Amino acid sequence: EVREREGKKGEYTVEPVENGGAEPLGKKVPLDGDGVSVGDGKGVKLKRQVGLISGIALIVGTMIGSGIFVSPKGVLTQTDSVGMSLVVWLLCGVLATMGALCYAELGTIITKSGAEYAYLKYAFGDVIAFLFAWVSIAVIKTSSVAIIAISFGTYVVSAFFEGECSQPDVLIKVLAAVAIILIVFINCASVKWATAVQNFFTAAKLLALVIIIIVGFVKLIQGDVRYLTPSTSFQGSSTNVFAYGIAFYQGLWAYDGWNQLNYITEELVKPHRNLPLAIIIGIPLVTVLYLLVNIAYFTAMSPDELLQSGAVAVTFANRTLGVMAWLMPVAVAFSTFGAANGTCFTAGRLTFVAAREGHMVEILSMVHVKRYTPFPALVFQSFIAILMLLPGDFESLVNYFSFAAWLFYGGTVAALLVLRYKHPEWHRPIKVPILIPIIVLIASVYLVIAPIIDEPALEYLFAFLFILAGLIFYVPFVHYKYVPPFMKHITVFFQLLLEVAPTSYFEPEEDED
Ligand code: ARG
């Protein structure tokens, strides 16, 4: 039933929203009573321009970033054998595909922007949705940027430090910070620049992967299969079921971004068909690429050598590419720079949207008056990302990231099950077999719990407390809408300083990650 919305600024009846464009939903549109985002009567409708190919490109382009050049080490450390680490890489791909299929169902019944945020809100209410926004902004998105920036630093440094000697940590972090600052500058300056950077650097990562895969093939044909023969490659595999949790964390980092299409379902042409198709084609494609790259690594180095390498793709190139070896650090540095740029772009937007919904301080929802970029949100996010660089290294940041991310991916899949139960009557253009969300849910429970059992670290407790700490802000500022009197002055101060203004007209750019 289409209900009237009680938006803060006057009331209006919401017209039936198209059901992800698949079919007009008419009266079955699931709408709740509070005026939030998309389809909210402002008449802004995004055009359906993203076809199947661009959809696949978006998924593939987001997923491939830093992980495939850095994570193999983390996966191998935990699994202790080449065979098992390849199995983990494969399973990560399967899990990502299944997760994305669940998101496809959610994305076509709830077409509001904000992906997880919107789905959690429908299934579990405001508090959980707010906690998600809080954790996303404070931890998930910011650590993503930090992780990718560290990978960038690692590869730039590796170009100058020949061999496999240990690389200066401080230098890596300084470079990472410089990259973040540069990226924020670009993103604040112009949306056009940010997208141009994105397109240019996307080519770099494909180049890097293709080189690795081709060289790997050649080496395979030449018979470099010492570490890959099935009979021996599983020898010594770790038997600790819980240690695999961390291995999955590292692998799944490389696959993160599988939910990317959900941020733009409204712009997809024939989402009913193209959303699942893009997922079914895109994610297995990445899985195959990742497996081939991993196999290629092992044609050129032993597991021990991989564990000792600071930058596996550079070690690979040094051994196989001869005079062209310099190409690899450059390509990977470009790839990671592009990925950090895209993630920053999205992260800034998320903060901006949450602030617009009244879930963050107002200043963060403002846009630069001349440049039309969410300036305060971008600066705020990168500030946190840089703070994260100080104590963090790649692996521990990835573990934090994955812990927080899978807590909410699992929650979102649970939302799918809850909505099936609560609203069996809803029209579902895409309805996945119920087994898929159940498997993903079980997997995410395992993913969240296994690392804690394996190595009970205080960090996880802190992370969990941090999530709950969101409530301290929620109760007074969101639920009771309390605005401290001094807040107004602070907002005005920053408005003048940053030259930003509130906006209901500038629609944010779509995700270009
Ligand atoms: N999978 C990417 C990588 O390996 C990270 C993606 C970060 N997530 C995102 N939604 N941009 O670098």
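Okay, let's start with one pair: Lys173 and Asp169 form a salt bridge, with the closest N and O atoms 3.8 Å apart. By salt bridge I mean a side-chain nitrogen of Lys or Arg within 4 Å of a carboxyl oxygen of Asp or Glu. Both residues sit in helix H6 (residues 169-189), four residues apart, about one turn of the helix. Helices here are DSSP runs of H or I with at least four residues, strands are runs of E with at least two, and both are numbered from the N terminus.

Before I go on, two housekeeping points. This is a predicted model, where local features need pLDDT of at least 70, side-chain atom pairs count only at pLDDT 80 or more, and totals for chains, interfaces and linings use all residues. Residues are numbered from 1 along each chain as its sequence is written, and side-chain values use heavy atoms, with hydrogens and water left out.

Back to our pair. Lys173 is buried, with a relative accessible area of 18%, while Asp169 is partly exposed at 45%. Those words have cut-offs: buried is under 20% relative accessible area, exposed is over 50%, and partly exposed is in between, using a 1.4 Å probe and protein chains only.

Now the whole thing. The protein has 18 helices and six strands. Of its 513 residues, 58% are buried. Take the contacts with a separation of 6 or more: 82% of them are between residues 24 or more positions apart. A contact, by the way, means heavy atoms within 4.5 Å. On the outside, the protein exposes about 21900 Å², and carbon and sulfur atoms supply 68% of that. That area comes from the Shrake-Rupley method with a 1.4 Å probe, and for residues only the protein chains shown count as cover.

So what's in the middle? The largest nonpolar core has 161 residues, and Phe69 and Trp406 have the most contacts inside it. Helix H5 (residues 126-160) gives the most to this core, with 21 residues. A nonpolar core is a set of buried Ala, Val, Leu, Ile, Met, Phe, Trp, Tyr and Cys residues joined through side-chain atoms within 4.5 Å. If you click on Phe69 and skip residues up to four places away in sequence, you'll find that Phe69 touches, among others, Tyr155, Ile212, Tyr297 and Val332.

Okay, salt bridges again. How many does a search of the whole structure find? Seven. My favourite joins Arg428 and Glu105, at 3.2 Å from N to O. Arg428 is in the loop between helix H15 (394-422) and helix H16 (435-454), Glu105 is in helix H3 (residues 82-109), and the two are 323 residues apart, so this pair links distant parts of the chain. Buried or exposed, this Arg428? Arg428 counts as buried, at 10% relative accessibility, and Glu105 is buried too, at 0%. There's a third partner: Glu105, Arg420 and Arg428 are linked in a network of salt bridges. For contrast, look at Arg226, which meets Asp224 in a salt bridge at 3.8 Å, N to O. Arg226 counts as exposed, at 58% relative accessibility.

Next, the holes. The search finds seven cavities of 30 Å³ or more, and the largest has a volume of about 350 Å³. A cavity is a set of points, on a 1 Å grid over the protein atoms alone, where a 1.4 Å probe fits but cannot get out; lining residues have an atom within 4 Å of a point. Points are joined across faces, edges and corners, and the volume is the space filled by probe spheres set on them. The largest cavity is lined by 28 residues, and Lys141, Ser144, Asp256, Gly257 and Phe401 lie nearest its centre. H5 turns up again here, giving six residues, the largest share of the lining.

Last stop, a few single residues. Thr97 lies in helix H3 and is buried at 12%. Leaving aside neighbours within four places in sequence, Thr97 is in contact with Ile279, Ile283 and Pro284.

And two backbone oddities. Asp80 has a phi near 65°, a positive value in a residue other than glycine, and its place is the loop between helix H2 (67-79) and H3. Lys270 also isn't a glycine, with a positive phi of about 40°. You'll find Lys270 in the loop between H9 and helix H10 (271-300), and Lys270 is exposed, at 53%.

Note on methods: On a 1 Å grid over the protein atoms alone, a cavity is a set of points where a 1.4 Å probe fits but cannot get out, and a pocket is an open set with protein on both sides within 12 Å along at least five of seven lines; lining residues have an atom within 4 Å of a point.
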